[in-house]
Amino acid sequence: MTVHTLTIHGRQITARGNLDLIVAPGRVLITGSRASTPYGETIASSAAENLACRGAILIASTAYGIDGTAVRAARPDRTVLIQAAGLDKPYPCGNAHLAREIQDQGGLIISVAPDTEAALTRWNLLDAAALRGAIAHHAIFVEGTERSSIYRAALTCQARWAVPGPLTSATSALPHKLLREGARLWTDDPADADLITAATNTSHPYRSEHAHLLNHRAHAA
């Protein structure tokens, strides 16, 4: 399958699959902790399934925990995976089958690494998280610690939703932080799912609104 090289929000990426998905309406990121709880996985699966039934496009990764759970519940042909390693190096290896299924069934895989065999790096992990938020119209944060890398997606997606959790759980810290910062409360309300599915806001992947947030290596230097 053809490997495309293009620029999204000022960041050069490689991609394989249906490029139309990154400019279609209803793009929603569902993300959260890799060390997810059964509660979080239930919410992620329900949200992904309800949105998929309405034709939404899932933005996610194949990470363990919340992201992988959402991918399993969504439609492969309407899923965009954004990964930090090369296109031929799904991470983690234990979820590589999810990437293959999405590629084989008409979805899209994007990598922030220029080399299809590139290994995972910390900088690309942060850039991939930021790119997921930049591509999505809406983002649902299910679980995550306050220092989680997925906070980068909250910086690049302004239409944010968060799932409240137990005050005693570290994985509730990020959603609660986002709620304090003005994120909407996600409750699986059908009206909210309809709102997300119809989203066509003005941010466009081929512009450069978030270019300054998509090169963490340069910032570190």
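Guide: Buried here means under 20% relative accessible area, exposed means over 50%, and partly exposed is anything in between (1.4 Å probe, protein chains only). The model is predicted: local features need pLDDT of at least 70, side-chain atom pairs count only at pLDDT 80 or more, and totals for chains, interfaces and linings use all residues. Residues are numbered from 1 along each chain as its sequence is written, and side-chain values use heavy atoms, leaving out hydrogens and water.

Visitor: Why is Lys177 called buried?

Guide: Its relative accessible area is 18%, and the cut-off is under 20%, so the label fits.

Visitor: What makes Glu181 and Lys177 a salt bridge?

Guide: You need a side-chain nitrogen of Lys or Arg within 4 Å of a carboxyl oxygen of Asp or Glu. Glu181 and Lys177 come to 3.1 Å, N to O, so they qualify. Glu181 also forms a salt bridge with Arg160, with the closest N and O atoms 3.8 Å apart. That second pair links parts of the chain 21 residues apart: Arg160 sits in strand E8, Glu181 in the loop between helix H6 (173–180) and E9. (Helices, H or I of at least four residues, and strands, E of at least two, are DSSP runs numbered from the N terminus.)

Visitor: Which of Arg160 and Glu181 is buried, and which is partly exposed?

Guide: Arg160, at 15% relative accessibility, counts as buried, while Glu181, at 35%, is partly exposed. Through shared partners, salt bridges join Arg160, Lys177 and Glu181 into one network.

Visitor: How do you know that Arg16 and Asp88 tie together distant parts of the sequence?

Guide: Their side chains meet in a salt bridge at 2.9 Å, N to O. Arg16 belongs to strand E2 and Asp88 to the loop between strand E5 (79–83) and helix H3 (96–104), so the tie joins parts 72 residues apart in sequence. Arg16 is buried at 9%, whereas Asp88 is partly exposed at 35%.

Visitor: What makes strand E2 largely enclosed?

Guide: Five of its seven residues (11–17) are buried, so the rest of the structure largely encloses it.

Visitor: How many aromatic pairs are there?

Guide: One, by the rule that ring centres of Phe, Tyr and Trp (its six-membered ring) lie within 6.5 Å, with planes under 30 degrees apart stacked, over 60 edge-to-face and the rest tilted.

Visitor: Why are Trp161 and Trp186 called edge-to-face?

Guide: Their centres are 5.6 Å apart and their planes stand at 85 degrees, so the pair is edge-to-face. Both Trp161 and Trp186 are buried.
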